[in-house]
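The following exercises concern a predicted model. Please examine the sequence and the structure before working through each solution.

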Amino acid sequence: MHKRCQTTLPGGAVLSNVLEVDSLSVEFRINGEYFHAVHDVSFHIESGETLGIVGESGCGKSVTSLALLRLLTKNARVSGEVSYKGRNLLDLPDREMRQIRGNEVSMIFQEPMTSLNPVYKIGAQISEALRLHTQTTPRRAWQQSMEMLRSVGIARAEGVMGEYPHQLSGGMRQRVMIAMSMVCNPQLLIADEPTTALDVTIQAQILDLMRKLSKDLGTSVLLITHDLGVVAEMCDRVAVMYAGEIVEQGTAKDIFHNPQHPYTRGLLNAIPKLDAASKERLQPIEGNVPSLTRMPKGCHFAPRCPLVFEKCRAEAPGLFRVEPGHLSRCWLNDAQEGN
Amino acid sequence: MLKYIVRRILEAIPTVLGVTLLSFVMIRAAGSPVRILLGNHYTVYRAAMLSRSLGLSKPLWDQYVIWLGNLLHGNFGYSYTYDRPVVGLMLQALPHTIIIVVVAVLAAHVFAVFLGSVQAYFENTKFDQIVTVVNYFFYSMPTFWLAVLLIIFFSIDLNWLPSGGIVNAQLSNPGFGDWAKHLILPISALFLVSVAGWARYMRSSMREALLQDYVRTARMKGASEFRVIFVHALRNSILPLITLFGLSLPVLLSGALFVEEVFNYPGMGLLYWDAVNSRDYPIIMGVTVFIGLVTVAGNLIADILYGLIDPRIQYR
Ligand SMILES: Nc1ncnc2c1ncn2[C@@H]1O[C@H](COP(=O)(O)OP(=O)(O)OP(=O)(O)O)[C@@H](O)[C@H]1O
Ligand SMILES: [Mg+2]
């Protein structure tokens, strides 16, 4: 498979990729049998950019992101390559993996309410990250954690440091999670639906905060979401996932202005138009994401696809190149088909 | 906090009273001490006299009220068989029981928490399966039977340790070493039966904790597996055990009863056991009150500990 390690910009500047994921597959053992939850996923993240992964619930977004840091449960089998700065995270010794986690690559989870330890103070939980990765004194770590809390927009930082998670709202807890994952100044932040569990106004604040932090600190972001509105606002490039596979990948412009895959088009049509003049109805895609144990044989999207034809049911399409950097997993994009 | 403790103690009073009333009635249903006390000298006349002088000829209710009145003045009464104040007998026996129970409980908890945690982490491996089988073996074994087996093996077959008592009468100057030797088997018996039960609870509680999201967060931060288990999951997973600890104190004391009987170890258990056999009502009632108080105290301590470990709890 073709691999890019560096991208040369027209000006001659060299952008290196922070992360390169190559044919990542994850299988879960269910009743003694292995089933693919993620299949042959490849993408890269350039230094300083934000890559979005979008898809419906259950398409394998969380599984993909957890696999990158090897945080999946024991019943998972992971294959492929996750290359961070040239090192494959998937076969790194545990000790080296731990030095990367929370320090160079960190993660924010989907569930702010349960992701903090209920029996430790916020201050202890944030400064733990610093104390695990740096040589600072407990006092310095505490001080630095408090500053981090301030920079995630918690005015009452000093008080919050001494509080417990149950004393904070969901939005505050997610801010604490962000502070915890950013306190060591990571190269890459993986944010798995960081705002899904929060209400709309808080959502916007958290997204603003993440955008600001990633810009200020030069952190690359892998942003996972099911909300195309969030993608439009935050991401440089986008990968659309369906049933464990990437079905379309390209720049945000490619995806929004020249969507190729019928699934991507379906998702775009499902965005409610706030514009009062247009009386267009929401068009959600009919049907549901297939479960792991009942994946269709050919194209995974075939059962729901409005443009399905014979070949789709018989044979799974590969990723076809629409333009440089724009890929689509649809037989309609197969150049040899003459489309 | 102080208000909470006082309220809890006041709330416990009816329970303790109920327990004493129940034992008072039940022990009398088991038969009179008069025949046992008189032995060969038994005549109907002497029996009636003794009954009267012990206050046993009064109606049951009056007897209870008198006993309770004395108790409120700190008077537990006189033992029939030893002819000494019950308080003195209990105070003499208590340190012996405390030492074996406290050592066994502490050791058992520390070890069981560790064992159960490791078992949960290595769930369904050979290690876990073997430990589970061994645990069941000790868990299902009656305490007295385990004590007897320990004596057969370590005292009779191997002749390593004394089979009972607290001093070797043959030694002219028995010291600390001799005393410690006498403690090993009783403590081991209590330790083994408690570890087995606790490790099982700990295993399931830790198993649950390891599935929680905050454990994943700890791993995400780069914490070692040791830290994940013994710092992040442990504090959460011992919470349910603390409540159980309070509830299990009386069970533990009844275990001590059998152990002391088998090892002829002069603690509260043996005192109680002998008192039951000779129908020495004042001792029986004294020990009953004591166990009631320990139970109340155990629950209270458990609640306070729980509050110290879980910040979500507030006492009102
Ligand atoms: N530990 C596991 N064991 C078995 N199956 C799992 C496990 N974790 C996830 N799955 C399955 O893998 C599939 C993908 O799950 P995943 O959590 O990645 O979805 P998602 O895209 O993150 O959805 P959502 O938007 O709801 O978070 C689902 O069908 C889920 O049931
Ligand atoms: Mg998810």
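**Exercise 1. The largest cavity**

Into how many nonpolar, polar and charged residues does the lining of the largest cavity divide?

*Solution.* Begin with the count of cavities: there is one of 30 Å³ or more. Next, take the volume, which for the largest cavity is about 80 Å³. Its lining consists of 15 residues, and those closest to the centre are Pro262(A), Cys299(A), Cys305(A), Cys312(A) and Cys330(A). Finally, sort the lining by class: 13 residues are nonpolar, one is polar and one is charged.

**Exercise 2. The contact between the chains**

Determine how many residues each chain brings to the contact and what area is buried there.

*Solution.* First, count the participants: chain A contributes 28 residues and chain B contributes 21. Second, turn to the area. The size of an interface is often expressed as the accessible area lost when the parts come together. Between chain B and chain A this amounts to about 2300 Å², with 58% coming from carbon and sulfur atoms. Third, identify the chief contributors in chain B: Arg216(B), Met220(B) and Lys221(B) lose the most area to chain A, and together they account for 34% of what that side buries.

**Exercise 3. Polar links and the side of chain B**

Find how many salt bridges cross the interface of chain B and chain A, and state which helix of chain B gives the most residues to the side that touches chain A.

*Solution.* The salt-bridge rule yields three across the interface. A salt bridge joins Arg227(B) to Glu128(A), and their closest N and O atoms lie 2.6 Å apart. Polar contacts between the two chains number 14 residue pairs, counting those with both residues at pLDDT 80 or more. Now consider the helices: α9 (213–221) and α10 (225–237) of chain B each supply at least two residues of the side that touches chain A. Of the elements on this side, α9(B) gives the most, with seven residues. By class, this side of chain B has eight nonpolar, five polar and eight charged residues.

**Exercise 4. The largest pocket**

Establish the volume of the largest pocket and which residues lie nearest its centre.

*Solution.* The volume is about 1000 Å³. Of the 27 lining residues, Leu72(A), Thr73(A), Lys74(A), Leu210(B) and Arg219(B) lie nearest the centre. Helices of both chains take part: α1 (61–68) and α2 (94–100) of chain A, and α5 (86–121), α8 (176–210) and α9 of chain B, each supply at least two lining residues. The most come from α9(B), with four. Sorted by class, the lining of this pocket comprises ten nonpolar, five polar and twelve charged residues.

Notes:
Residues are numbered from 1 along each chain as its sequence is written. Chains are lettered from A and ligands numbered from 1 in the order in which they are written. This is a predicted model: local features need pLDDT of at least 70, side-chain atom pairs count only at pLDDT 80 or more; totals for chains, interfaces and linings use all residues. Side-chain values use heavy atoms; hydrogens and water are left out. Contact means heavy atoms within 4.5 Å. Buried area is the accessible area (1.4 Å probe) that two parts lose on being put together, summed over both. A salt bridge is a side-chain nitrogen of Lys or Arg within 4 Å of a carboxyl oxygen of Asp or Glu. A polar contact is a pair of N or O atoms within 3.5 Å; within protein, one must be able to donate a hydrogen and the other to accept it, and residues adjacent in sequence count only if both atoms are side-chain atoms. Ala, Val, Leu, Ile, Met, Phe, Trp, Tyr, Cys and Pro count as nonpolar, Asp, Glu, Lys and Arg as charged, and the others, Gly among them, as polar. On a 1 Å grid over the protein atoms alone, a cavity is a set of points where a 1.4 Å probe fits but cannot get out, and a pocket is an open set with protein on both sides within 12 Å along at least five of seven lines; lining residues have an atom within 4 Å of a point. Grid points are joined across faces, edges and corners, and a volume is the space filled by probe spheres set on the points.
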